[in-house]
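User: Could you give me a close look at a single part of this protein? I am in my first year, so please explain the terms as you go.

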Amino acid sequence: MSYRTHHCAALRPADVGSVVTLSGWVDSRRDHGGVIFIDLRDREGITQIVFRPEEHPAVAEQAHGLRGEDVITVVGQVTPRLAGTENAKLPTGGIEIVATALTVLNKADVLPFPIEGKVSNEDLRLEYRYLDLRRAEMAKNLRLRHRVTKATRDYFDGQGFLEIETPILSNPTPEGARDFLVPSRLTPGAFYALPQAPQQYKQLLQVGGIEKYFQIARCFRDEDLRAERQLEFTQIDVEASFTTQEEIQTLTEGLLASVFKAALGVEIPTPFPRMAHQEAMDRFGSDKPDLRFGLEIVELSDIFRDSQFKVFRSVLDSGGVIRALNAKGAAEKFYKEQLKKWEEWAKVELGAKGLAYIKASPTGEWESPIVKFFSDAEKAALAERLGFEPGDVLFFGADQWQGVCDVLGRVRLRCSELLGLTAGSTELNFLWVVDFPLLAFAPEEDKWVAVHHPFTRPNADDLQPLADGEFGKVRAIAYDVVLNGVELGGGSIRIHERDLQTQMFAALGIGPEEQQEKFGHLLRAFSFGAPPHGGIALGLDRLIMLIAGTDSIRDVIAFPKNNRGQDLLTHSPVNVEPRLLRELSIQSTKKP
Ligand code: ASP
């Protein structure tokens, strides 16, 4: 016996007369006066099956007992559908199978949700993920994922890259998140860390002479979760020797071109434009600007240098900046009450001191809590610089530069969302952001931290400020690739010299002993002829999410965790027996 001669999207009018065997799930069942119609579904599609009591009474009788999602095998003859009953929406809509035999392979209970249509309760979908995966949308996403990983492997293979697996049980590597730790039974009291990224291993592969490495790599970061993050996620991880920033960028553009061609059949124009980090922050308040719309941030500090408005003056006197953006034509959409709420939002969510605005009514009056403090000259100058006209709304940022960038960057996105500036857009706006700073000062920790990671190479022109401790002035040879305001990936040219790496660790406040303890292996490797190298990693889940056009990363992962980090299907994480903890030399401090 064979379960199938064809899949459920295969048969056409040309097959009329053949006797076929199909297997799948009962998608729906209809009883038309004793004649039973079944839509039989498998991975590929749907075929209509008819059970005719007058021709095959026993089989028709059997079909009466079928319910949705029962798994069956049907043998029958391909028959043309009666004129007028064809279904143009189905590839198999011209035919039906007149069943001569039916085997029920497995019965299904009543489902917790229908396979068809939208299911809004995501927890329920995750709890019964195997049913959720039967839904056409999810099946489509997983296929797409396969297409993308296949295109990725083909592309890198064509470029001479080797796919090499790196350990999951490994040493901590700093990527800016918390590590997942795994206790070692064989070395009591010691722990492995799950890789936040294969960063050090891929660099060590370069020292090992591999020259061109890639991996579709699972990474683990113990972070607080947002919509587009998971505790475990997948990266397209790349590293090469004797390479430059431009070569890695060209390689990445080629990869994305192949992937978009394979997944969506579209040609994306390369090379992508490049923008310096400083410019991206100045103009768009973001290191991953969405350039599908304008709403640019404009500098106003010079206009208010001698202002009588105390708030602006004191910001400027303490080295801050005054900037604004003009939401063109937004006045009719942004009401006064709403604008007050914006202020609340800016304070609570963005930590801003406030969010001043001016709204110009269609007849040209300015409504604003602050404009009464402005001189006529200031008003005229700011209107001119921002092209401020009746019907527009201005938002101000007054703070230190970084704070203003953060707030106005978010205001810009919120304006675009509320004004629908990208609604229905199919544009794919790719961008490289380059010349990131190497280090940033973290006031909470009172120390300098790596903007990318500690292995990123400083720009050759900035080695002096690095040596002089002027860390804020040092640029990195680091690059991020952005699509429609989403960071797809980032990478850098690396440090490959022992001395420079030591210097970098020192800048990060990692003393000689800690360097040896945590990174001794890398420093040692760098002293045995490490080649110059660099690479990049792209977030695979996020990439597929954008290609699939969904807004949740969970929709493109077969078995994701929910946003509390739980797997609702298998109920992990779970408590374990004290005996198992004892074996691992571990004791829980959690009170029962
Ligand atoms: N390891 C980096 C990351 O995961 C990427 C890279 O520098 O290649 O973000």
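Which residues of helix H7 are buried?

Analyst: Happy to help! First, a word on what you are looking at. This is a predicted model, in which local features need pLDDT of at least 70 and side-chain atom pairs count only at pLDDT 80 or more, while totals for chains, interfaces and linings use all residues. Residues are numbered from 1 along each chain as its sequence is written, and side-chain values use heavy atoms, with hydrogens and water left out.

Let's start with the whole protein. It has 16 helices and 22 strands (DSSP runs numbered from the N terminus, H or I of at least four residues for a helix, E of at least two for a strand). Its C-alpha trace spans about 95 × 75 × 55 Å along the principal axes. Of the 592 residues, 46% count as buried (under 20% relative accessible area; exposed is over 50% and partly exposed lies in between, using a 1.4 Å probe and protein chains only). Contacts, meaning heavy atoms within 4.5 Å, also tell you something about the fold. Among those with a separation of 6 or more, 67% are between residues 24 or more positions apart.

Now to your helix. H7 covers residues 277-284, and its buried residues are His277, Ala280, Met281 and Phe284. These residues lie on the same side of H7, because they cover an arc of only 105° around the axis (the arc is that of the directions from the helix axis to the C-beta atoms). The general pattern is handy to remember: an α-helix has 3.6 residues a turn, so residues three or four places apart point the same way.

What does that buried side pack against? The partners are strand S11 (274-276), S12, H11 and strand S17 (430-434). Just after H7 comes Gly285, with a positive phi near 65°.

Let's follow the helix partner. H11 runs over residues 401-419, and its axis is 8 Å from that of H7, at an angle of about 60° (axes are lines fitted to C-alpha atoms, for helices over the stretch in contact, and angles run from 0 to 180 degrees between N-to-C directions). H7 and H11 are therefore oblique to each other; under 35 degrees would count as roughly parallel, over 145 as roughly antiparallel and 65 to 115 as roughly perpendicular, with the rest called oblique. On the H7 side, the residues that meet H11 are Gln278, Met281, Asp282 and Phe284. Their counterparts in H11 are Trp401, Gln402, Cys405, Asp406, Gly409 and Arg412. Sorted by class, this contact holds four nonpolar, three polar and three charged residues. Here Ala, Val, Leu, Ile, Met, Phe, Trp, Tyr, Cys and Pro count as nonpolar, Asp, Glu, Lys and Arg as charged, and the others, Gly among them, as polar. Notice that Met281 and Phe284 turn up twice in this story: both are buried, and both meet H11.

The strand partners have their own details. Before S11 comes a loop that starts after helix H6 (245-264), and Pro271 lies in that loop. The peptide bond from Thr270 to Pro271 is cis, with omega near -5°. S17 leads into another loop, which runs to strand S18 (439-442) and holds Asp435. Asp435 is not a glycine, yet its phi is positive, near 60°. With a relative accessible area of 30%, Asp435 is partly exposed.

S12 (297-299) links this region to another helix, H10, as S12 is one of the elements covering the buried residues of H10. The cover also includes strand S13 (321-327), strand S15 (366-367) and strand S16 (393-399). H10 spans residues 376-386, and Glu378, Leu382, Ala383 and Leu386 are buried there. They too sit on the same side of their helix, because their arc is only 125°. On the face turned away from that buried side you will find the exposed residues Asp376, Ala377 and Glu384. After H10 comes Gly387, with a positive phi near 60°.

To find your way back in the viewer, start from His277, Ala280, Met281 and Phe284, then look for S11, S12, H11 and S17 around them.
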